[in-house]
Amino acid sequence: MRKRTLFRLAAGTATVGAATLAYASLIERNMFTLRRYDVPVLPADAEPLRVLHLSDLHMMPDQARKQRWVASLAALDPDLVVVTGDNMAHPDAVPGVLRALQPLLDYPGAFVFGSNDYTGPVLKNPFTYFLPDREYTEGVELPYEELRQVFTGAGWVDLNNARTMLKAGGRQLDLVGVDDPHIERDDYPSVAGPVSSSADLSIALAHSPEPRVLDQMAADSFGLLLAGHTHGGQVCVPGFGALVTNCGLPRSMARGLHRWPGSDSWLHVSAGLGTHPTAPVRFACPPEASILTLIPR
């Protein structure tokens, strides 16, 4: 009787595990979701401004469903589109990224790259994400310069260790960004400095939300900090949240809108729209894009 009970328990556990894996890999990772947030960063009496934040597409050439869903976001008519990296997951991904983003290229936009814009994914043990000092392994080189030319050719601003003023929604924006801190390509000191007094709004971009970079951006009084990279944890435990962020950010800030500690800045971390191709699962953390409605403080 005891052996039979143990066998049934093991069989039941295996069945639940298989069902959970099937749900995470076949259903939830394709449950594209639009998040909406109000962010109080504008001066009093200012008209709202709408920012569409996209991140971590990790596009494969054959992901037509994702491409169609992202393209449909143009119907939101945003004032500004911001992309915070990891657009590609395959050397032939640029056409797929373009199919997804083409309708959005007609709007003012800005972007930074992530590590998976430069090199492709490699097979890895997912448990290594719990090791803070694990060695970064590069895959095949991706056509990031081709992607950069597509974006800049459409008028989007390249903010990889760069800074500029941009007009969007009738407002003057002070924009700054860094290349991916996750692989130490960031150089914020080269673009640092207080927000311009002529700006109506200030926004800072990074792919990986490393606190060492966000602290500097907040110290320069950038009102809104935008990042991705974490996938919101990708696999979360209901009632507990993300297990890991894959960066220095606390688990409690793995996705969504947060006040950055010790400052007046707001941080929005996108849980992203894709997954690492070698770990195509999401659980309690569906893929997402966000529309941020900036409102008066």
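The lining of the second largest pocket divides by class into nine nonpolar, five polar and four charged residues. The pocket belongs to a predicted model. It holds about 280 Å³ of space. Its lining numbers 18 residues, and those closest to the centre are Ser221, Phe222, Gly223, Asp264 and Arg297. Two elements give two or more residues to this lining: strand E1 (33–42) and strand E8 (201–205).

Now step back to the whole chain. It contains six helices and 14 strands. Of its 297 residues, 51% count as buried. Take the contacts between residues at least 6 apart in sequence: 74% of them join residues at least 24 apart.

Next comes the interior. The largest nonpolar core has 30 residues. Leu54, Val70, Leu101, Leu104, Phe151 and Trp156 have the most contacts inside this core. Strands E2 (49–54), E3 (80–83) and E14 (288–296) each give two or more residues to the core, and so do helices H3 (94–101) and H5 (144–153). H3 supplies the largest share, four residues.

Leu54 shows how the pieces meet. Residues up to four places away in sequence are not counted here. Leu54 then touches Val70, Leu73, Val81, Val82, Val83, Thr84, Leu101, Leu104, Leu273 and Ala289. There is also a second, separate core, with 24 residues. Val39, Leu159, Leu173 and Leu175 are among them.

Ala110 is a useful next stop. It is found in strand E4 (residues 109–111). Its relative accessible area is 1%, under the 20% cut-off, so Ala110 counts as buried. Beyond four places in sequence, Ala110 touches Val81, Val82, Val83, Trp156, Val157, Leu159, Leu175 and Leu205. Trp156 is one of the residues with the most contacts inside the largest core, while Leu159 and Leu175 belong to the second core. Ala110 touches each of these three. Along the sequence, Ala110 and Trp156 are 46 residues apart. In space, their C-alpha atoms are 5.1 Å apart.

Move on to helix H4 (residues 115–118), where Asn116 is found. Is Asn116 buried or exposed? Asn116 is buried, because its relative accessible area of 11% is under 20%. A polar atom of the Asn116 side chain lies 3.1 Å from the backbone oxygen of Thr119. Beyond four places in sequence, Asn116 touches His58, Asp86, Met88, Pro121 and Leu142.

Two of those partners lead onward. The first to follow is Leu142, in the loop between H4 and H5. This loop residue has 2% relative accessibility, so Leu142 counts as buried. With residues up to four places away left out, Leu142 touches Met88, His90, Pro91, Asn116, Asp117, Tyr118, Thr119 and Gly120. Met88 is thus a contact of Leu142 and also of Asn116. Pro121 sits 21 residues from Leu142 along the chain, and their C-alpha atoms are separated by 9.9 Å.

The other partner to follow is His58, which Asn116 touches. His58 is also in contact with Gln63. Gln63 has its place in the loop between E2 and helix H2 (64–72). Leaving aside neighbours within four places in sequence, Gln63 is in contact with Arg29, Leu57 and His58. The side chain of Gln63 also makes a polar contact of 3.0 Å with the side chain of Lys66.

Key. Residues numbered from 1 in each chain as written. Predicted model: local features only at pLDDT ≥ 70, side-chain atom pairs only at ≥ 80, totals over all residues. Heavy atoms only, no water. Core = buried A, V, L, I, M, F, W, Y, C linked by side-chain atoms within 4.5 Å. Buried < 20%, exposed > 50% of the residue type's maximum accessible area, 1.4 Å probe, protein only. Contact = heavy atoms within 4.5 Å. 1 Å grid on protein atoms, 1.4 Å probe; cavity = no way out; pocket = protein on both sides within 12 Å on 5 of 7 lines; lining within 4 Å. Points joined across faces, edges and corners; volume = space filled by probe spheres on them. Nonpolar A, V, L, I, M, F, W, Y, C, P; charged D, E, K, R; others polar. Polar contact = N/O pair within 3.5 Å; in protein donor to acceptor, adjacent residues only side chain to side chain.
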